[in-house]
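Me: I keep meeting labels in structure descriptions without seeing where they come from. Could you take some of them in turn and show the value behind each?

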Amino acid sequence: ANPAAWKSWYDKESPEDMQGVPAEHAELAGMDLICLVKCFRPDRVQHCVTSFVVENMGEGFVQPPVLNYRQVLSQSSPVTPVVFVLSPGADPAYSIFELAEAEGMA
């Protein structure tokens with residue numbers, strides 16, 4: 001055990017890149033790496049899992065889908081409400097106002 005090396009790795013901004021981890025654990029990858037990061041730096045697990053998904057499945061699995069508002073409009077009706085489930089930071093208002101102007105609804 002090398003407490004100084006672990007402390008140095010723990011203090012890194014991005015420990016999931018495995019730079020500075022003690023040599024006997026430098027080969028960890030995949031779920032083993034996620035478990036290590038979860039034990040020491042739970043604040044970095046999301047970044048670690050995102051990297052894992054990109055490496056194993058591709059970028060498309062971590063990027064939100066692009067919403068086609070015109071298609072949403074074509075599938076709605078005056079008696080069918082449209083409900084948007086938003087994530088933090090998402091604001092479709094501008095796109096909706098832009099579509100409303102283009103369709104003569106503004």
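Me: Why is Arg-41 called buried or exposed, whichever applies?
Reply: Arg-41 has a relative accessibility of 11%. The cut-offs are under 20% relative accessible area for buried, over 50% for exposed, and partly exposed in between (1.4 Å probe, protein chains only). The value of 11% is under the first limit, so Arg-41 counts as buried.

Me: What kind of model do these values come from?
Reply: The model is predicted: local features need pLDDT of at least 70 and side-chain atom pairs count only at pLDDT 80 or more, while totals for chains, interfaces and linings use all residues. Residues are numbered from 1 along each chain as its sequence is written, and side-chain values use heavy atoms, with hydrogens and water left out.

Me: What makes the pair of Asp-43 and Arg-41 a salt bridge?
Reply: The term needs a side-chain nitrogen of Lys or Arg within 4 Å of a carboxyl oxygen of Asp or Glu. For the side chains of Asp-43 and Arg-41, the N to O distance is 2.9 Å, so the pair qualifies. Asp-43 has a relative accessible area of 49%, which makes it partly exposed.

Me: How many salt bridges does a search of the whole structure find?
Reply: The search finds four. Another one of them joins Lys-7 and Asp-11, whose closest N and O atoms are 2.9 Å apart. Lys-7 is partly exposed at 47%, and Asp-11 is partly exposed at 46%.

Me: Why is the pair of Glu-16 and Arg-44 said to tie together parts of the chain?
Reply: The two side chains form a salt bridge with an N to O distance of 2.6 Å. Glu-16 sits in the loop between H1 and H2 and Arg-44 in the loop between H2 and H3, so the link connects parts 28 residues apart in sequence. Helices here are DSSP runs (H or I, at least four residues), as strands are (E, at least two), numbered from the N terminus. Both Glu-16 and Arg-44 are buried, and the value for Glu-16 is 15%.

Me: Which residues does Glu-16 touch, not counting those up to four places away in sequence?
Reply: Glu-16 touches Leu-33, Val-37, Arg-44, His-47 and Cys-48. Contact means heavy atoms within 4.5 Å.

Me: How do you know that the buried residues of H1 line one face?
Reply: The buried residues of H1 (residues 3-10) are Ala-5, Trp-6 and Trp-9. Seen down the axis of H1, they fall within an arc of 100°, so they line one face. The arc is that of the directions from the helix axis to the C-beta atoms. The face turned away carries the exposed residues Pro-3 and Ala-4.

Me: What makes H1 and H2 roughly perpendicular or roughly antiparallel?
Reply: H1 and H2 pack at about 90°, with their axes 11 Å apart. Axes are lines fitted to C-alpha atoms, for helices over the stretch in contact, and angles run from 0 to 180 degrees between N-to-C directions. Under 35 degrees counts as roughly parallel, over 145 as roughly antiparallel, 65 to 115 as roughly perpendicular, and the rest as oblique. H1 is therefore roughly perpendicular to H2. Trp-6, Trp-9 and Tyr-10 of H1 make the contact with Leu-36, Val-37 and Phe-40 of H2.

Me: Why are H2 and H3 described as they are, by angle?
Reply: H2 and H3 (residues 45-57) pack at about 170°, with axes 9 Å apart. The angle is over 145 degrees, so the two are roughly antiparallel. Residues of H2 that meet H3 include Leu-33, Ile-34 and Val-37, and among their partners in H3 are Val-49 and Phe-52.

Me: How do you know that the buried residues of H2 line one face?
Reply: Leu-33, Ile-34, Leu-36 and Val-37 are buried in H2. Their arc, seen down the axis of H2, is within 160°, so they line one face. These buried residues pack against H1 and H3, while Lys-38 and Cys-39 are exposed on the other side.

Me: Why is Gln-46 called buried or exposed, whichever applies?
Reply: Gln-46 is in helix H3. Its relative accessible area is 62%, which is over 50%, so Gln-46 is exposed.

Me: What is unusual to note about the phi of Met-18, and where does Met-18 lie?
Reply: Met-18 has a positive phi of about 65° although it is not a glycine. Met-18 lies in the loop between H1 and H2, and at 10% relative accessibility it counts as buried.
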